[in-house]
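Work through the exercises below with the sequence and the structure side by side, and try each task before you read its solution.

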Amino acid sequence: MLKKKLKKIKTEVYALGQHISMSAHKARRVVDQIRGRSYEETLMILELMPYRACYPILKLVYSAAANANYNMDSNESNLVISKAQVSEGTATKKLKPRARGRSFTIKRPTCHITIVVKDISLDEYLEVDFLDSFRWSKKLKLKNKYTAMAYHDVYSNGGVWDKK
């Protein structure tokens, strides 16, 4: 008699936007409206809301859906926004010249937005035979061929004059 073992499957993917130049409070006002909704409903809400924070959040939702399509082969109709959070980033400081040689600081707040998308059609656990679990772990490791990342210098194009 074979024993059954449960294997956890990845059903969530995320998109992270960092250093978006707006207040975290203003971004949270929009993110609270889309949390827990389906992908299509989220797109309709974000396109019709009159806030400036909607555009970067809309881009992040598109990116999270593209990540889910690429990593899990999931359909967009099965996606749900499971988590959405906004955290404060660093404040960019500028000096504004004032009268009599003085200066005031102007703070431009930034925020980090994380959108997590879950595929509701996938089961979270997969039932695997105990003896086949070793083969499963090897298959899962071999399936992800993009884990090894090569170093790529952004500023050099590999020309003749870039050698040091």
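**Exercise 1: the sheet**

Strand E2 and strand E6 (residues 111-119) pair in the antiparallel sense over 7 bridges, and the model in which they are found is a predicted one. Task: find which residue in E6 stands opposite Gly17, and then work out the order of the strands in the open sheet.

Solution. Begin with the single pair of residues: Gly17 has Ile113 in E6 standing opposite. Next, widen the view to the open sheet, which has 3 strands in the order E2-E6-E3, with antiparallel pairing. Strand E2 (12-20) and E3 stand at the edges with a single partner strand each, so one side of each is left without a neighbour in the sheet. Neighbouring strands of this sheet are turned against each other by 15° on average, direction ignored. Finally, add the helices: helix H1 (residues 24-34) packs on the sheet and touches E3 and E6, with a direction that makes about 165° with that of E3, while H3 lies across E2, E3 and E6 and runs at about 145° to E2.

**Exercise 2: a residue in strand E3**

Task: decide whether Ser87 is buried, partly exposed or exposed, and list the residues that Ser87 touches beyond four places away in sequence.

Solution. First locate Ser87, which is found in strand E3 (residues 79-88). The relative accessible area of Ser87 is 29%, and because partly exposed covers the range between 20% and 50%, Ser87 is partly exposed. Then look for contacts: leaving out residues up to four places away in sequence, Ser87 touches Ala24, Arg28, Cys111 and His112. As a last step, compare sequence with space, where Ser87 and Gln18 are 69 residues apart in sequence and 9.5 Å apart from C-alpha to C-alpha.

**Exercise 3: two helices**

Task: describe how helix H2 (residues 39-48) and helix H3 (residues 54-72) pack.

Solution. Start from the axes, which are 9 Å apart and make an angle of about 160°. That makes H2 roughly antiparallel to H3, because angles over 145 degrees count as roughly antiparallel. H2 passes H3 in a left-handed crossing. On the side of H2, Tyr39, Thr42, Leu43, Leu46 and Glu47 meet Cys54, Ile57, Leu58, Val61, Tyr62 and Ala65 in H3. Sorted by class, the contact of H2 with H3 has 9 nonpolar, 1 polar and 1 charged residues.

**Exercise 4: a hairpin**

Task: find the residue in E5 that is the bridge partner of Leu95.

Solution. Strand E4 (residues 92-97) and strand E5 (residues 103-108) run antiparallel and are joined by 6 bridges. The bridge partner of Leu95 in E5 is Thr105. In the hairpin of E4 and E5, with 5 residues between the strands, Arg100 takes a positive phi near 60°.

How values were computed:
Residues numbered from 1 in each chain as written. Predicted model: local features only at pLDDT ≥ 70, side-chain atom pairs only at ≥ 80, totals over all residues. Heavy atoms only, no water. Pairing = 2+ DSSP bridges. Helix = DSSP H or I, 4+ residues; strand = E, 2+ residues; numbered from the N terminus. Buried < 20%, exposed > 50% of the residue type's maximum accessible area, 1.4 Å probe, protein only. Contact = heavy atoms within 4.5 Å. Axes fitted to C-alpha atoms, helices over the stretch in contact; angles between N-to-C directions. Parallel < 35°, antiparallel > 145°, perpendicular 65-115°, else oblique. Left-handed = near helix turned anticlockwise from the far one by under 90°. Nonpolar A, V, L, I, M, F, W, Y, C, P; charged D, E, K, R; others polar.
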